[in-house]
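Trainee: I would like to go through this model step by step. Where should we begin?

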Amino acid sequence: LSIEGALDPSGVFSSSETAEVSQCITSFQRRAEEMRALLREAAAAELLIKEFHGEKTVETLASAQEAGEKLMELSQKIGELAPGLSEASMEVAESSLALAA
């Protein structure tokens, strides 16, 4: 995505419009990376639970419980982050449409 200089009245892009789009994109990318990190952690916790499936020692059950608690915590964080990520994507779309208009 190249947004260097949004069109001004003479047909050239203005820097304030491109700065707004760039800021929205940066915000979206930051939130998306936060979400990716949480999802990677959740996948790792799920993998641990699957590894313990079938083993019935106290240690494996305790580890599986910890991983399950971690999944619950991550689910909460993902649920809290999702609306902000959605809002950031809408801001990117809105600012891009404003730039294109």
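Some questions and answers on the helices and the core follow.

Mentor: This is a predicted model, where local features need pLDDT of at least 70, side-chain atom pairs count only at pLDDT 80 or more, and totals for chains, interfaces and linings use all residues. Residues are numbered from 1 along each chain as its sequence is written, and side-chain values use heavy atoms, with hydrogens and water left out.

Trainee: How do the axes of α1 and α2 run relative to each other, roughly parallel or roughly antiparallel?

Mentor: The axes, lines fitted to C-alpha atoms over the stretch in contact, come within 7 Å and cross at roughly 160 degrees. Angles run from 0 to 180 degrees between N-to-C directions, and those over 145 count as roughly antiparallel. The two helices are therefore roughly antiparallel.

Trainee: Which elements give two or more residues to the largest nonpolar core?

Mentor: Such a core is a set of buried Ala, Val, Leu, Ile, Met, Phe, Trp, Tyr and Cys residues joined through side-chain atoms within 4.5 Å, buried being under 20% relative accessible area with a 1.4 Å probe, protein chains only. The largest one has eight residues, including M35, L38 and I78. The contributing elements, helices being DSSP runs of H or I with at least four residues, numbered from the N terminus, are α1 (15-52) and α2 (58-100).

Trainee: Is R36 buried or partly exposed?

Mentor: R36 belongs to helix α1. Partly exposed covers the range between buried and exposed, the latter being over 50%. With a relative accessible area of 43%, R36 is partly exposed.

Methods. Angles under 35 degrees count as roughly parallel, over 145 as roughly antiparallel, 65 to 115 as roughly perpendicular and the rest as oblique.
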